[in-house]
Structure formats: C-alpha cells, structure tokens
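Good morning, and thank you for joining this group meeting. I would like to take you through one protein chain, and I ask that you keep the structure in view as I speak.

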Amino acid sequence: MNGQPIAHPAGRTRPGGLVVAGGVLATAVVAVALNAAVAAIAHAAGASDDFEQLHLADYALLTVVGVLAGAGGWALVRARAAHPARVLRTWIPVILLVTFVPDILLGTSDQPGTSWGAVIALMVMHLIVAAVAVPAFRVLLPLPGRQD
C-alpha cells in the first residue's frame, strides 16, 4: 500500500493506506495536545495533582486508544452498514454518552483528588476527541456516495 489516492467508483478518490495511517496518527496527536490544554486549565482551576486521570501518561494513552477505536469503528460501519451515515449519526452520540458513565462513577468515588471539576475536565476531553476525530474520519475514511 502506498500513500497515493485510490480511485473510487463514483469518480471520487479516497486516501491510500499510508495517508490514512498518518492522518489517524495526526488526529491522535492533535487530540492529545488539546486534552493537555484541558488538563492544564483544570489544574489551574484547582483540580488536584492527585487526580491521576489528568496526568499526561493516563489521558494521552486513553486519547490514542479512543482515536484508534473510533477509526476502527468508523471503518467497520463504513464497510458493513447499508446506510453508514445514518448509523454513524445515531451511534456517535450514543457512544459518546456511554463514555461519560465511567467519569460520572469516578465522580461519586472516594479516589484521592477527585472533584467534579476534574471529572468535568475528563468529560470535556471525550468531547474533544470526538470533535477532532469525526471531521478527520470524514476526510480519511469517506463514506460512499450521497446517502440519506
């Protein structure tokens, strides 16, 4: 596989494998950088340094995993669904809401350094990953033709 665009039956082109891989990597880097800004703001606003989820090593790993899982899910829906745009319009918000559940449970825990401000920062990080990844996936893994 090279980085050259691949001809699409409808006359459109889609990025080649290297472009997709590089784009997904770039998406993860941008999301981690923006999440670092959220963590810095949260700490400046009083989030405890004891709250491990706002440490770079923790949120960077999970951000990359989130971008990769999102790309995999997008590709799977794109390849298998009869109406991928409709499926993605439904599932992206649902999955995003589901990712808030562990954060809310964390907010009710007695983990050292936990505060609702820190938990809200984590939830904002989830929104950032989606806000960065979805537009990137639309370009890197375009959906077939006009649908719905």
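Let me begin with a question: is Ile 95 buried, partly exposed or exposed? The model before you is a predicted one, and in this model Ile 95 has a relative accessible area of 47%. Because exposed requires over 50% and buried requires under 20%, Ile 95 is partly exposed. This residue sits in helix H3. Its C-alpha atom is separated by 9.8 Å from that of Gly 70, although the two residues are 25 residues apart along the chain.

Let us now step back to the chain as a whole. It contains four helices and two strands. Read from the N terminus, the order of the elements is β-β-α-α-α-α. The chain has 148 residues, and 34% of them count as buried.

I turn next to the interior. The largest nonpolar core has 36 residues, and among its members Val 24, Phe 51, Leu 54, Val 67, Trp 74, Met 125 and Phe 137 touch the most other members. Which elements give two or more residues to this core? They are H1, H2, H3 and H4. Of these, H4 provides the largest share, with 14 residues.

Helix H4 also appears when we look at the surface. A nonpolar patch there is formed by Ile 104, Trp 116, Ile 120, Val 124 and Leu 127, and together these residues have about 440 Å² of accessible area. Which helix gives the most to the nonpolar patch? The answer is H4, which spans residues 116-140 and contributes four residues. One member of the patch, Leu 127, lies in helix H4 and is partly exposed, at 41% relative accessibility.

Another patch member, Ile 120, leads us to Gly 107. Between the C-alpha atoms of Gly 107 and Ile 120 the distance in space is 8.8 Å, while in sequence they are 13 residues apart. Gly 107 belongs to helix H3. With a relative accessible area of 14%, Gly 107 counts as buried, because the limit for a buried residue is under 20%.

The surface also carries a patch of charge. Asp 49, Asp 50, Glu 52 and Asp 58 form a negative surface patch. Where is Asp 49 placed? It is found in the loop that lies between helix H1, residues 17-44, and helix H2, residues 56-80. Asp 49 has a relative accessible area of 57% and is therefore exposed, since the term applies over 50%.

Finally, I would draw your attention to two further pairs of residues that are separated in sequence. The first pair involves Pro 135, which is located in helix H4 and is partly exposed at 44% relative accessibility. Along the chain, Pro 135 and Thr 27 are 108 residues apart, yet their C-alpha atoms are separated by 9.6 Å. The second pair involves His 83, a residue of the loop between H2 and H3. His 83 is likewise partly exposed, with 37% relative accessibility. Measuring from C-alpha to C-alpha in the model, one finds His 83 and Pro 144 to be 9.1 Å apart, with a sequence separation of 61 residues.

To close, I return to helix H4: this helix gives the largest share of the core, and it also gives the most to the nonpolar patch on the surface. Thank you for your attention.

Methods. Residues numbered from 1 in each chain as written. Predicted model: local features only at pLDDT ≥ 70, side-chain atom pairs only at ≥ 80, totals over all residues. Heavy atoms only, no water. Patch = residues over 30% accessible without salt bridge, like charges linked within 9 Å, V, L, I, M, F, W, Y side chains within 5 Å. Areas by Shrake-Rupley, 256 points an atom, 1.4 Å probe, with all protein chains shown as cover. Salt bridge = Lys/Arg side-chain N within 4 Å of Asp/Glu carboxyl O. Lys, Arg positive; Asp, Glu negative; His and termini not counted. Charge placed at Lys NZ, Arg CZ, Asp CG, Glu CD. Buried < 20%, exposed > 50% of the residue type's maximum accessible area, 1.4 Å probe, protein only. Core = buried A, V, L, I, M, F, W, Y, C linked by side-chain atoms within 4.5 Å.
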